[in-house]
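Student: Could you walk me through the pockets and the core of this protein? I'd like to go through it by question and answer.

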Amino acid sequence: MSSPGEYYNSLPPISKAYGTLCFFTTVLVQLQILNPGLLILSYPHVFKSFQIWRLFTSFFFLGKFSINFGIRLLMIARYGVQLEKGSFEKRTADFLWMMIFGAVSLLVLSAIPYLETYLLGIPMVSMLLYVWSREYPNSQISMYGLVQLRSFYLPWAMLGLDVIFGSPILPGLLGILVGHLYYFFTVLHPLASGKNYLKTPMWVHKIVARFRLGVQANSLARQANTGPSAFRGRGYRLNQ
């Protein structure tokens, strides 16, 4: 059995960095070193008071220490890591681009009236969970040891639990929406048309190469996953 240090060092770079930032942000808030009011997304403060950092810090605060915080951190550690190590293996730039696309999309959606969301880390985790559920649609998941369900339905089950426990439903819905947009434009639409309109930009590849964040070895096609066509993950990704 590996030690905690060995396990941490084995984690892929993007999921590890994001999970670490989320954890220590909550630690600093819990120790009252950081004021959570300065972390949340508030466009009036961004544009009128030039508090630009809110565009970034809102993605790293998952709330104070609680069961919900623990569940979302575990989602990063399990589903984000499995996604980065599996479907995005040797494609660190693509995984980073997915996170950037998700962040920008959530910032845009949060500027729309009635869709305002102040803590964007929660929908970001929901986006990761949705993409994972599309990549591994036939995995069997146990919900708290009580219910077995196909992973394709896990994001919706978590959304239902938010409703049951009185948590806001909007952040989870926004994460699912953004996750579906990403999956549609990078997998479903390229499979149907042969064109990828959300190809990872060269500057993202340069960031990964510059800071030696994992590896990037895209191929023109990827082998199809097995399973019923209605619940199939990506078949292949065209890089055009």
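**Pockets, core and two odd loops**

Tutor: Let's begin with the second largest pocket: its lining divides into 13 nonpolar, 4 polar and 2 charged residues. Here Ala, Val, Leu, Ile, Met, Phe, Trp, Tyr, Cys and Pro count as nonpolar, Asp, Glu, Lys and Arg as charged, and the others, Gly among them, as polar. Mind that this is a predicted model, where local features need pLDDT of at least 70 and side-chain atom pairs pLDDT 80 or more, while totals for chains, interfaces and linings use all residues. Residues are numbered from 1 along each chain as its sequence is written, and side-chain values use heavy atoms, with hydrogens and water left out.

Student: Which residues lie nearest the centre of the second largest pocket?

Tutor: A pocket is an open set of points on a 1 Å grid over the protein atoms alone, where a 1.4 Å probe fits, with protein on both sides within 12 Å along at least five of seven lines; lining residues have an atom within 4 Å of a point. This one has 19 lining residues, and those nearest its centre are I71, R72, M75, M158 and D162.

Student: How do the residues lining the largest pocket divide into nonpolar, polar and charged?

Tutor: F60, L96, M99, I100 and A103 lie nearest the centre of this pocket. The lining divides into 19 nonpolar, no polar and no charged residues.

Student: Which helix supplies the largest share of that lining?

Tutor: Helices are DSSP runs (H or I, at least four residues), and strands are too (E, at least two), numbered from the N terminus. At least two lining residues each come from α2 (13–30), α4 (54–57), α6 (92–109) and α10 (202–210). The largest share, 6 residues, comes from α6.

Student: In the largest nonpolar core, which residues touch the most other members?

Tutor: A nonpolar core is a set of buried Ala, Val, Leu, Ile, Met, Phe, Trp, Tyr and Cys residues joined through side-chain atoms within 4.5 Å, and buried means under 20% relative accessible area (1.4 Å probe, protein chains only), exposed over 50%, partly exposed in between. Of the 44 residues in this core, the ones touching the most other members are M98 and M99.

Student: Where is Q32, the non-glycine with a positive phi?

Tutor: Phi of Q32 is about 60°. Q32 is exposed, with a relative accessible area of 72%. Its place is in the loop between α2 and α3 (43–48).
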